[in-house]
Amino acid sequence: MAQNIYDDPNFFKQYIQLPRQVKGLNGAPEWEDLKAMIPDLKGLKLLDLGCGFGWICRWAREAGAREVHGIDLSQNMLEKAKEFPADSAITYQQADLETLKLLPQKSIKVWLLGGAFVFNVEHPTWTAPRNPNFILDSEGHNVWPLDSYLSEGPRITNWMAEGVIKQHRTISTYLTILLNAGFILVAINEWGPSTEQIKKFPDWSKTRDRPPFLLVKVVKLTL
């Protein structure tokens with residue numbers, strides 16, 4: 001079972017204060033690039049894996065999706081999602097994505113056939129290091145200490161709490177899994193802030209040296 005750090009009261013108290021949780025999608029700097037990968041949703045279904053507070057679920061309905069299903073491991077996340085005005089076309093399910101069993105009427109084949117799978121994960125150069133923090137090199141420059149990149153598996157970090165477990169996979173592993181499952185790669189974005197975004201948020205300049213997110217879009221034409 002995946003670690004459910006989000007249902008730890010102390011962790012969640014800090015987590016809900018992050019800009020992307022307070023402002024929603026407007027607080028997620030990578031959102032515009034991720035949104036550009038999502039096809040026109042008018043009349044379509046959307047399955048949101050790791051839906052959190054349901055920001056994308058609600059956006060999808062506004063964008064014309066006829067049915068939306070959000071899944072998350074955290075009860076705290078789902079309770080927050082349900083605090084927003086109810087929409088009969090949006091349903092939520094608590095489940096571990098590592099052992100996911102969709103509700104009978106939410107067959108994964110129905111959702112994926114002819115559709116697109118778009119996802120956003122922490123960039124592998126971020127998840128790889130044993131000590132994921134910038135350090136000063138011999139010339140006094142901030143550098144990212146990339147190590148153990150090809151050694152995949154869990155990483156234990158301290159992020160708003162001690163002992164947070166993240167899973168590290170290489171870019172090639174992500175893509176190979178998708179290709180072997182019959183998906184076709186459409187787009188990939190090693191996301192970093194634009195010049196204009198850095199002018200507005202100078203603290204993001206470091207992410208030009210180490211991209212924070214990997215955005216991927218694949219499609220599946222046959223089962």
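A salt bridge is taken here as a side-chain nitrogen of Lys or Arg within 4 Å of a carboxyl oxygen of Asp or Glu. By this rule, the side chains of K199 and E196 meet in a salt bridge, with 3.5 Å from N to O. The structure described in this report is a predicted model. The text turns to the salt bridges, then to two sheets and to a helix.

**Salt bridges**

Side chains of opposite charge can pair when their charged atoms come close. In this model the count comes to 8 salt bridges. The table gives three of them.

| Acidic residue | Basic residue | N to O distance |
|---|---|---|
| E122 | K166 | 3.0 Å |
| D147 | R130 | 2.5 Å |
| E196 | K199 | 3.5 Å |

The salt bridge between E122 and K166 has its closest N and O atoms 3.0 Å apart. E122 belongs to strand 4 (residues 116–122) and K166 to strand 8 (residues 164–168), so this pair ties together parts that are 44 residues apart in sequence. E122 has a relative accessible area of 26% and is therefore partly exposed.

D147 and R130 form another salt bridge, and here the closest N and O atoms are 2.5 Å apart. D147 lies in the loop between strand 6 (142–143) and strand 7 (153–157), while R130 lies in the loop between helix 7 (124–127) and strand 5 (135–136); the pair therefore ties together parts that are 17 residues apart in sequence. Is each partner buried or exposed? D147 counts as buried because its relative accessibility is 18%, under the cut-off of 20%. R130, with a relative accessible area of 66%, is exposed.

The pair K199 and E196 is placed within one element: both residues lie in helix 9 (residues 195–200), 3 residues apart, which is about one turn of the helix. An α-helix has 3.6 residues a turn, so residues three or four places apart point the same way. Both K199 and E196 are exposed.

**The parallel sheet**

Strands of a sheet pair through backbone hydrogen bonds, either parallel or antiparallel. One open sheet of this model has 3 strands in the order 1-2-3, with parallel pairing. Its edge strands are strand 1 (45–49) and strand 3 (90–94), each of which pairs on one side only. On average, neighbouring strands of this sheet are turned by 15° against each other, direction ignored.

Strand 2 (residues 67–72) pairs with strand 1 in the parallel sense over 5 bridges, and D48 stands opposite G70 of strand 2. Helix 4 (residues 55–62) packs on the sheet, where it touches strand 1, strand 2 and strand 3; the direction of helix 4 makes about 160° with that of strand 3.

How many residues of strand 2 are buried? Strand 2 is mostly covered, with 6 of its 6 residues buried. E67, H69 and I71 point one way from the strand, whereas V68, G70 and D72 point the other way, and all are buried. The chain passes from strand 1 through helix 4 to strand 2 in a right-handed β-α-β crossover.

On the way to the other edge, strand 2 and strand 3 run parallel and are joined by 5 bridges. The bridge partner of I71 in strand 3 is Q93. Between these two strands the chain crosses through helix 5 (residues 75–81), and this β-α-β crossover is right-handed.

**The antiparallel sheet**

A further open sheet of 3 strands has the order 4-10-9, with antiparallel pairing. Strand 4 and strand 9 (184–191) are its edge strands, each pairing on one side only. Neighbouring strands in this sheet are turned by 15° against each other on average, direction ignored. Strand 9 pairs with strand 10 (residues 213–219) in the antiparallel sense over 7 bridges, and I188 stands opposite V216 in strand 10.

**Helix 8 and its surroundings**

Which residues of helix 8 (residues 171–180) are buried? They are I171, T173, Y174, L175 and L178. Among the elements that cover these buried residues are strand 4, helix 7, strand 9 and strand 10. Strand 4, strand 9 and strand 10 make up the antiparallel sheet. Helix 8 is followed by G182, whose phi is positive, near 95°.

Definitions and conventions:
Residues are numbered from 1 along each chain as its sequence is written. This is a predicted model: local features need pLDDT of at least 70, side-chain atom pairs count only at pLDDT 80 or more; totals for chains, interfaces and linings use all residues. Side-chain values use heavy atoms; hydrogens and water are left out. Two strands pair if DSSP finds at least two bridges between them. Helices (H or I, at least four residues) and strands (E, at least two) are DSSP runs, numbered from the N terminus. Axes are lines fitted to C-alpha atoms, for helices over the stretch in contact, and angles run from 0 to 180 degrees between N-to-C directions. Contact means heavy atoms within 4.5 Å. Buried means under 20% relative accessible area, exposed over 50%, partly exposed in between (1.4 Å probe, protein chains only). A crossover is right-handed if, with the strands pointing away from the viewer, the path from the first strand over the helix to the second runs clockwise.
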